[in-house]
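Let's take a walk through this protein together, one piece at a time. Keep the picture open as you read, and look for each part when its name comes up.

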Amino acid sequence: MKKKIIALLLAFVMVFSFAACGSKEQTKEPEKETNEDGAGTGDEELTLEVAYMPNYGSLWAVTTAIEKGYFEEEGIKVNLTSFQDGPTIISAMESGSIDIGYIGHGAHKLCIQGNAKIFALSHISNGDAVIGGPEVKTLEDLKGKKVAYSSGTSSEDILKNALTKANLTMDDIEAVEMEAANIVTAMLSGGVDACATWSPNSLKILEEAKDATLLCDNMTFIDSTVSLASWIVTPSYAEKNADAILRFTKALYKAMDYAADDHYDEVAEYVAAETKTDYDSVYAQRGDADWLTGKEVAEGAADGTVAEYYKVQQDNFLAAGAIDKEVPVEDYVMLDNMIEAAK
């Protein structure tokens, strides 16, 4: 992997190992037929229920794969369902209404804890932000202020990183937990003094809130952290549907190769159509991440780079007390699938 954000991360990984997004009902398809080793037979048509969040980062590759016919090439039909955050997506997967889901950084804690397995890295995100209102111009100004965030998501993670940078803790602020969709309203109405959220909410607040100030984003902490977005399944689904996951990943890789190759305007049209939002606001989100190609993910899985990303992420969760024990990355990240899908 050769992009700037990756080079910066690798340069600091060994020095900074410390650091002080988580519907409608669907009718579940019958369990796919499998062979003795748990892989699918590979010749049946698949219908997959896929969960996403309504933003460019969640949809950039999957909508491209649908529109360009890459899923069809793999014999897959995808039904998309929108959710507000990663933990809710994982709950839906556990209930059986969703087969495959997308998560942002914060929900990876649940993967480490065994609730889900990661079968593909999507991108390295810069979509999270802490934003101050009229009376909050620096991170230090957060002290004593009312700050909105979404628990268990990347919102909570970047807020804690921001507080640590300012030598503060959650006890030093009036933390107000709320759903991601309500944070924008709270900031625009002046109901809170600051917030931690992700794109496109962050972009909307910065554009519309009076005297809003970007206090920090993911790049602020690039010397010690990495914010990942991934595609996941439950452990039981992974065990029984290896072929379906591989075929989905192959289509996803083709879409990533296309979408990351300066086709942002076209991809924004796909995402805007799916989310039923205006094109300009979606197109503005194209700077929210380092958009990886399928080739980069496969090569990174083979040479250890991807495993190192997830190790750095886990180390930060441990340091922050978000998880209580170290787990081998290979236990919850399906590196072999990422490698095989490029063949």
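Helix H4 (residues 86–95) lies across E1, strand E3 (100–103) and strand E10 (228–233), and runs at about 165° to E3. A word on the names: helices (H or I, at least four residues) and strands (E, at least two) are DSSP runs, numbered from the N terminus. As for the angles, they run from 0 to 180 degrees between N-to-C directions, and axes are lines fitted to C-alpha atoms, for helices over the stretch in contact. Helix H14 (residues 305–320) also packs on this sheet, where it touches strand E4 (117–125) and E10, and its direction makes about 85° with that of E4. Touching, or contact, means heavy atoms within 4.5 Å.

Before going on, a note on what you're looking at: this is a predicted model, where local features need pLDDT of at least 70, side-chain atom pairs count only at pLDDT 80 or more, and totals for chains, interfaces and linings use all residues. Residues are numbered from 1 along each chain as its sequence is written, and side-chain values use heavy atoms, with hydrogens and water left out.

Now for the sheet under those helices. It's an open one built from six strands, in the order E2-E1-E3-E10-E4-E11, with mixed pairing. Two strands count as paired if DSSP finds at least two bridges between them. At the edges you'll find strand E2 (76–82) and strand E11 (289–291), each of which pairs on one side only. On average, and ignoring direction, neighbouring strands here are turned by 30° against each other. Look at strand E1 (residues 46–52): seven bridges join it to E2, and the two run parallel. Thr-47, for instance, has Lys-77 in E2 as its bridge partner.

Follow the chain on to the loop between E4 and E5, and you meet Gly-127. Is Gly-127 buried or exposed? With a relative accessible area of 8%, Gly-127 is buried; that word means under 20% relative accessible area, while exposed means over 50% and partly exposed is in between (1.4 Å probe, protein chains only). Setting aside residues up to four places away in sequence, Gly-127 touches Thr-197, Trp-198, Ser-199, Ser-202, Asn-218 and Asp-288. The C-alpha atoms of Gly-127 and Ser-227 are 8.9 Å apart, though 100 residues separate the two along the chain.

There's another sheet to see. Five strands make up this open sheet, in the order E7-E6-E8-E5-E9, and again the pairing is mixed. Strand E7 (174–177) and strand E9 (213–217) sit at the edges with a single partner strand each, so one side of each has no neighbour in the sheet. From one strand to the next, the twist averages 25°. Strand E6 (residues 146–149) runs parallel to E7, and four bridges join them; Ala-148 has Val-176 in E7 as its bridge partner.

Two helices pack on this sheet. H7 touches strand E5 (128–132), E6 and strand E8 (194–198), and its direction makes about 140° with that of E8. H8 touches E5, E8 and E9, also with a direction of about 140° to that of E8.

At the E9 edge, E5 and E9 pair in the antiparallel sense over four bridges, and Gly-132 stands opposite Thr-213 in E9. E9 is mostly covered, with four of its five residues buried.

How do the two helices sit against each other? Helix H7 (residues 180–189) and helix H8 (residues 201–208) pack at an angle of about 10°, with their axes 10 Å apart. That's why they count as roughly parallel, the word for angles under 35 degrees (over 145 is roughly antiparallel, 65 to 115 roughly perpendicular, and the rest oblique).

One last stop is Leu-142, in the loop between E5 and E6. Leu-142 is buried, with a relative accessible area of 0%. Its contacts, leaving aside neighbours within four places in sequence, include Val-130, Val-147, Leu-168 and Leu-215. The C-alpha atoms of Leu-142 and Cys-195 are separated by 9.7 Å, with the two residues 53 places apart along the chain.
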